[in-house]
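Grab a pencil and work through these exercises with the structure open beside you. Try each task before you read its solution.

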Amino acid sequence: MFGLLAAFQHSAEMRESKDEMLIGEIVRAMARQGYPSIQFRAGDDRQYVRFKTVTDPVLHTVTTVLDRKTGSGALSSAILGSKATLKITAEIQNRVADPDDLIAMYKTDFANIFKMPMIGGIKLNHELNSVFATTTKVIEIDRFVNKGDDGVAKLIELLSGTIGELKAKLEPFKR
């Protein structure tokens with residue numbers, strides 16, 4: 001009887017901690033690409049990790065925010081799966097603010113006022129010496145967690161592809 005109860009409790013804990021396991025896999029995947037983690041913030045179902053892009057000539061940092069939406073309970077996990085939103089933000093920094101850059105910045109900011117990016121769309125934002133590109137993807141946590149090397153390969157493919165898209169949007173702004 002106690003063994004059955006312990007097994008049930010263990011499976012519930014494993015189900016509830018899938019997002020934490022995925023964050024660990026993201027940190028490992030980013031480290032393999034040469035991006036060490038420099039900042040962590042965690043809440044109940046939301047984890048924020050910032051990475052320094054040491055070897056990248058364009059990017060300064062990459063930030064990931066994993067926000068779990070479903071799958072923390074047995075019933076929701078069985079019906080809906082373990083869904084989460086993965087928000088990835090890439091940042092470039094320009095040390096000098098050129099007047100022409102400021103004009104381009106205002107044009108982009110005015111365009112952003114009337115633009116609501118859909119899931120998967122890329123939004124650009126300026127903050128004086130930094131330019132940010134952000135995208136949000138809805139992912140299935142179970143595709144990446146407890147899948148061994150196959151899950152890690154899929155995660156690296158997702159992260160590197162998304163960061164590549166963001167980098168392509170930011171390259172024209174790099175000085």
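**Exercise 1. Work out how helix α2 and helix α5 pack: what are the angle and the distance between their axes?**

Solution. Start by finding the two helices: α2 covers residues 18-32, and α5 covers residues 148-170. Keep in mind that you're looking at a predicted model. Next, compare the axes: they sit at an angle of about 65 degrees and are 10 Å apart. Those are the two values to look for, because packed helices are described by the angle and the distance between their axes. Then check the hand of the crossing: α2 passes α5 in a right-handed one.

Now for the residues that touch. From α2 come Leu 22, Glu 25, Ile 26, Arg 28, Ala 29, Met 30 and Arg 32. On the α5 side they meet Val 152, Leu 155, Ile 156, Leu 159 and Ile 163. Sort this contact by class and you get nine nonpolar, three charged and no polar residues.

**Exercise 2. Trace the open sheet: in what order do its six strands lie?**

Solution. Step across the sheet and you read β1-β2-β3-β4-β6-β5, with antiparallel pairing. At the edges you'll find β1 (37-42) and β5 (122-127), each of which pairs on one side only. On average, neighbouring strands are turned by 15 degrees against each other, ignoring direction.

Zoom in on β1 and β2 (residues 46-52). They make a hairpin with three residues between them, and five bridges pair them in the antiparallel sense. Two spots to find: Arg 41 has Tyr 48 of β2 as its bridge partner, and Ser 37 stands opposite Phe 51, also in β2.

Move on to β3. It runs antiparallel to β2, and seven bridges join the two. Here Arg 46 stands opposite Asp 67 of β3.

**Exercise 3. Find out which strands α2 lies across, and which side chain Asp 19 meets in a salt bridge.**

Solution. First, the strands: α2 lies across β1, β2, β3 (61-68), β4 (83-93) and β6 (130-140). Its direction is at about 5 degrees to β2.

Second, the salt bridge: Asp 19 meets the side chain of Arg 68, with 3.4 Å from N to O. That passes, because the cut-off is 4 Å. Asp 19 belongs to helix α2 and Arg 68 to strand β3, so the pair ties together parts 49 residues apart in sequence. The full count is eight salt bridges.

**Exercise 4. Decide where you should be careful: over which residues is the pLDDT below 50?**

Solution. Begin with the whole chain: the average pLDDT is 80, and 71% of the residues score at least 70. Then look at residues 73-79, where the pLDDT is below 50. Beyond near neighbours in sequence, this stretch has seven contacts in the model. Don't read the predicted coordinates in detail where pLDDT is low.

Notes. Residues numbered from 1 in each chain as written. Heavy atoms only, no water. pLDDT = per-residue confidence, 0-100. Contact = heavy atoms within 4.5 Å. Axes fitted to C-alpha atoms, helices over the stretch in contact; angles between N-to-C directions. Helix = DSSP H or I, 4+ residues; strand = E, 2+ residues; numbered from the N terminus. Left-handed = near helix turned anticlockwise from the far one by under 90°. Nonpolar A, V, L, I, M, F, W, Y, C, P; charged D, E, K, R; others polar. Pairing = 2+ DSSP bridges.
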